[in-house]
Amino acid sequence: MNTPFTEEQLRAALSSVSYPGFRRDILSFGLVKEVAVDGADVKVQLVLSTADSKIPAQLRTEIEIALQAIPGVGQVKVLIDVQAPVAAPSAGPVPLAGVRHVIAVASGKGGVGKSTVAVNLAIALQQAGAAVGLCDCDLYGPSVALMCGANERPSANEQDQIIPVERHGLKLMSMGLLLEGDAPAVLRGPMVTRYTQQFLRQVAWGELDYLILDLPPGTGDIQLTIVQTIPLSGTILVTTPQEVALLDVRKAASMFRKTNVPILGIVENMSYFLSPEDGKRHAIFGTGGGAREAERLGVPLLGEVPMEPAIGHSGDVGEPFLAGKKETQSEAANVIARVAARLREMLP
Ligand SMILES: Nc1ncnc2c1ncn2[C@@H]1O[C@H](COP(=O)(O)OP(=O)(O)OP(=O)(O)O)[C@@H](O)[C@H]1O
Ligand SMILES: [Mg+2]
């Protein structure tokens, strides 16, 4: 049937409606189950998982306004099916109860310092007074547990949820704490997806201001599963100044953009080496790469973290370089603390 408007216009209108309290729209959240057109009339069906009775009413009004703004649209009918909030881990991204902001630390290339940035950023946020959780989402090479010196096996509560381990004032969870030996190598394809979903939804985080996710490198199954399972407040992209790392950061940025995850900014790691001998900056991997890429993507450059030998050592002994420090000589620590302050402003 011919209509005076296109499906494209309907989708655009629906994607202008964000879920209350989130920047993400209802379409990318996967909440719109059906859009039916009958002549000039439009019927939209939503499936929500919320205990807040104000949300369906608010969404209904916003959807009606958005669709009726399209020339030619007649009657708009919005049907909302509200399910119990604990339901359906597979029903698109559903917010984690009690967690205000989920931030993914990601990169295209491996070994650029994601885990180092994630761990120390979590500590800096905690030191600034926030309740923080840190989740290692790398099935194949989990390192958060190691970097934080955690090695006990987590226990479960009565609801069969995994209780995070507490370390350095953080609630920590790592697939590395659950898997033994070389078990991760057998996880492939759909199993990775299922395992990641289950892992994300079955941890008893409690009330958190920030949950930091340390992602594996690249744009594979794990990353996609994460963005489809829980709504992210945003992502931080970590890169080194090298061209190869920057190229890969572009790919990661494009994946996050396609899945509507806001890019909060870039952290350039290993930006320079500050020589203790002459006090001079040595740009080992070149200069300005992170800044140029941030500009290209139209996102802020959140910080440039220098190379410091103590960082490598602190990761190896399970004592993150920001842990337990109030005053520090370390420029890397100061940069990370400033990134944390910036994040708190962006995501209060
Ligand atoms: N600014 C720095 N100065 C010195 N060493 C660093 C710095 N950042 C990271 N490193 C070291 O570089 C190595 C790689 O860092 P890290 O494990 O954080 O990277 P990653 O991006 O998480 O790696 P992967 O892709 O394998 O997950 C580690 O040994 C870490 O201690
Ligand atoms: Mg890592």
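**A three-stranded sheet, a ligand shell and a helix**

Let me begin with one pair of residues: lysine 43 stands opposite lysine 77 in β3. Strands, like helices, are DSSP runs numbered from the N terminus, with at least two residues in state E for a strand and at least four in H or I for a helix. This is a predicted model, in which local features need pLDDT of at least 70 and side-chain atom pairs count only at pLDDT 80 or more, while totals for chains, interfaces and linings use all residues. Residues are numbered from 1 along each chain as its sequence is written, and chains are lettered from A and ligands numbered from 1 in the order in which they are written.

For orientation, the protein chain holds 11 helices and 12 strands, and of its 348 residues 41% count as buried, that is, with 20 or more other C-beta atoms within 10 Å of their own, against 12 or fewer for exposed and anything in between for partly exposed, the C-beta atoms being placed from the backbone.

Back to the sheet, where lysine 43 has partners in two strands: alanine 36 stands opposite lysine 43 in β2, just as lysine 43 stands opposite lysine 77 in β3. The sheet is open, with three strands in the order β1-β2-β3 and mixed pairing, where pairing requires that DSSP find at least two bridges between two strands. β1 (32-38) and β3 (76-83) stand at the edges with a single partner strand each, so one side of each is left without a neighbour in the sheet. From one strand to the next the twist averages 15°.

How do β1 and β2 pair, and over how many bridges? They pair in the antiparallel sense over six bridges, forming a hairpin with two residues between the strands, and glycine 39 in the turn has a positive phi of about 65°. Strand β2 (residues 41-49) and β3, by contrast, run parallel and are joined by eight bridges. Across β2 and β3 lies helix α2 (residues 54-68), running at about 155° to β3, an angle between N-to-C directions on a scale from 0 to 180 degrees, with axes fitted to C-alpha atoms.

Turning to ligand 1, there are 22 residues around it, of which Gly110, Gly113, Lys114, Ser115 and Thr116 come nearest; a residue belongs here if its C-beta atom, placed from the backbone, lies within 6 Å. The shell divides into eight nonpolar, 11 polar and three charged residues, with Gly counted among the polar ones. At least two residues of the shell come from each of α3 (114-127), β10 (263-274), β12 (301-307) and α10 (309-316).

Those elements return at helix α11 (residues 331-346), since α3, β10, β12 and α10 are included in what covers its buried residues. Among those buried residues are Ala332, Val335, Ile336, Val339 and Leu343. The helix has 16 residues and reaches 23 Å from its first C-alpha to its last, close to the 22 Å expected at 1.5 Å a residue.

Finally, two residues deserve a look at their backbone. Most residues other than glycine have a negative phi. Methionine 270, in strand β10, has a positive phi of about 55° and is buried, with 24 other C-beta atoms within 10 Å. Aspartate 160, in the loop between α4 (144-148) and β6 (165-167), has a positive phi of about 65°, but is exposed, with 8 other C-beta atoms within 10 Å.

Methods: Contact = placed C-beta atoms within 7 Å. Expected span 1.5 Å × (residues − 1).
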